[in-house]
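Visitor: Before we discuss any details, could you put the model in front of us?

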Amino acid sequence: MSNTVIIDPVTRIEGHAKIALQLDEKGKVDTARFSVTEFRGFEEFCRGRPVWEMPSLTARTCGICPVSHLLASAKAGDGIMGVRIPSTAVKLRRLVNLGQIIQSHALSFFHLSSPDLLLGWDADPAIRNVFGLMAEEPELARRGIRLRGFGQSVIEAIAGRKVHSPGIVPGGIADPMTAETREWMLSGLTEAKQTAEEALELFISMLGKFEREARAFGTFPSLHLGLANDAGTWENYDGHLRFVDAEGNVAADNIDVADYRDYIGEAPRHDSYLKSPYFKPLVEDSDDVFKGVYRVGPLARLNVCKTMGSPLADEALTAYREAAGGTANSSFFYHYARLIEILASTELARELLNDDAILNPMVRATAGINHFRAVGTSEAPRGTLFHEYQVDARGLLEDVNMIIATGQNNLAMNETVLQIAREWVDGNDIPEPVLNRVEAGIRAFDPCLSCSTHAVGKMPMEVSMFDHEGTKVNEVRRG
Amino acid sequence: MRDTRPTVNISFDGVDYEGYVGESVLECARRNGVTIPSLCFLEGLSVWGGCRICVVEVAEGHRLRPACATQVTPDMEIKIETPRLRAYRKSVLELLFAEGNHVCAVCVSNGKCELQDMAVFSGMDHVRYDYQAPRREVDASHPKYVFDPNRCILCTRCVRVCDEIEGAHVWDISYRGEHAELITEMNRPWGDSLSCTWCGKCVAVCPTGSLAYEGRSIGEMEHDPVMIKRLAVARSRGEWLDPEGAI
């Protein structure tokens, strides 16, 4: 008898995703499907709007990583205008992205994931959340919250607001930085770096406990995509696209972001509003897109770069690669990579701020409409983000395509859910810790839907089991 | 120079003031530092009385009257802040918001918008009417300016300033009732207009983000409605007011 298990967190809070597990006759997991049931239609209602409005319009896609959309959109706007923006604007945009990586990664690690890691997968769900963490590890929780607050304040200081900032615009940045802001930021970086180092130490000390999770939380060969530069250092704002394989060999390099469609295909699915992007050159048959599975985000970025480009983060990267056995292919290592990126961000932010050019008042280029099409990218905390715009001669949008990081991890998240389910689900029984591990497997990717369904540290779930004739044989609810 | 016009005694919300014969209720209130909210009215332009935000109650009649288009009369008892008027203003604003596509979050005039300010002032925190969500195309054909009809509230400030101050009469209202819309010349794209002088007065007086400078992003619009008073005074009296005096 084959069964289907539906884990459906679509109910009750935001209605974003569901997971379906297909069991075979022996009750072992055969296949897994991760689906997003939310439809938003940004690409439709952006049509007809002026390109100058696009950063603020598309930033509304997300309240956690709006800076990523602002940057990708503003860069697409730069391309439509055909301008080379002032070098100080580039520095400020880089700095605001570092602030964003710090705050978003801090949220993912401290608020969302550390309750599992520190309190245990089997801990009572009532305390396995950020409040439980505050009770158990008050200093760590406090520092994590302050770290996120610092990242948010960096964004506010440069771009005018913590969330959906108005200051990142086509052509550069709206306002130059003041000397007072620079001083404030430099003083705040000391604690931020210390917190990042301590969190990294803590995670490394716990790594031994999670041998099974590291093995079963989506450990599989895949390609990895990220922005790259000629120096081989960790890139998060500019450069070209690079794919590396599971052994770290370069699969495709020096790809102009404008040519992303030559390498990335998007397979629509009948059961999800989230398309499944794949690496085109490896896929001949559209029914077998998994051959082109690739991952984006911290894990992929650390596989794509040679060095982090900052001393402490480079030391951490060496230890990370030893622990991962070279190229990291376990999705559990997303957490580890995320912490190294926070550390690198604090170091690189200091480097940018120590350069007096950061105070240069020339931060914005102006121009009319000079190109009909442009592609903008940025490395969002969750991975490479693409905005492609087609405009008319007046700068009104005719066509929009956005490829979001979470979407690019879609195939990999499916595989991760499948591995976890195979490791822990046995028969018709689905105990809470198993639900939590399935959820945590997805959470390792820090997908956008985690922010809306994890406000109190627990994803609402509805798990239903069906036999091969479609009859419900079991149901588990929580949340 | 002392004003020698004959005066009348009036009251705003029970407080006595002196008004000039021939003066509107709105002018009288502003001269005396009394707030009557308004939208379509702009000093230096003719009175249109279309937005109905400035309506007041007058003791001798039940009918609400637009303060901008009602002259003061002897012993006039004017009420501004009554529950009825507050509810009425809110309704008018809600209808304005429901009629167009006003999305403050992505608007060039966010934070500098008279419609937005009026909503805050009036305590309008939600809209009870169905949003009409009309499909209106942005006109970005002008080399310097952009017209977004989604944000237009048909206050006709642009129509009046272009006709009365600039003398070009590029703007006008076409169609009627709920189909009424702002047009340039004979309903041609703004960029194709032969009469537009690119002076930008229409953009300066627009109370919302409907008329804006090209290339501006969220919240970057700067309007200058006081400019019109300066121009009007310069023409009628042959003297330039300093910006402080004009305000």
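**Strands, sheet and contact**

Guide: In chain B, B:Ile173 stands opposite B:Leu182 in E8(B). This is a predicted model, in which local features need pLDDT of at least 70, side-chain atom pairs count only at pLDDT 80 or more, and totals for chains, interfaces and linings use all residues. Residues are numbered from 1 along each chain as its sequence is written, while chains are lettered from A and ligands numbered from 1 in the order in which they are written.

Visitor: What makes strand E7 and strand E8 of chain B a pair?

Guide: Strands (DSSP runs of E, at least two residues, numbered from the N terminus) pair if DSSP finds at least two bridges between them. Strand E7 (residues 171-174) and strand E8 (residues 181-184) of chain B share four bridges in the antiparallel sense, and therefore they satisfy that definition. The two form a hairpin with six residues between them, and B:Tyr175 in the turn has a positive phi of about 65°.

Visitor: Why are strand E2 and strand E4 of chain B called edge strands?

Guide: The open sheet of five strands in chain B has the order E2-E1-E5-E3-E4, with mixed pairing. Strand E2 (15-20) and strand E4 (64-66) of chain B each pair on one side only. Within this sheet, strand E3 (residues 55-58) and strand E5 (residues 76-79) of chain B run antiparallel and are joined by two bridges, with B:Glu57 opposite B:Lys79.

Visitor: How many residues does each chain bring to the contact?

Guide: Counting residues whose C-beta atoms, placed from the backbone, lie within 7 Å, the contact takes 16 from chain A and twelve from chain B.

Technical notes: Two residues are in contact if their C-beta atoms, placed from the backbone, lie within 7 Å.
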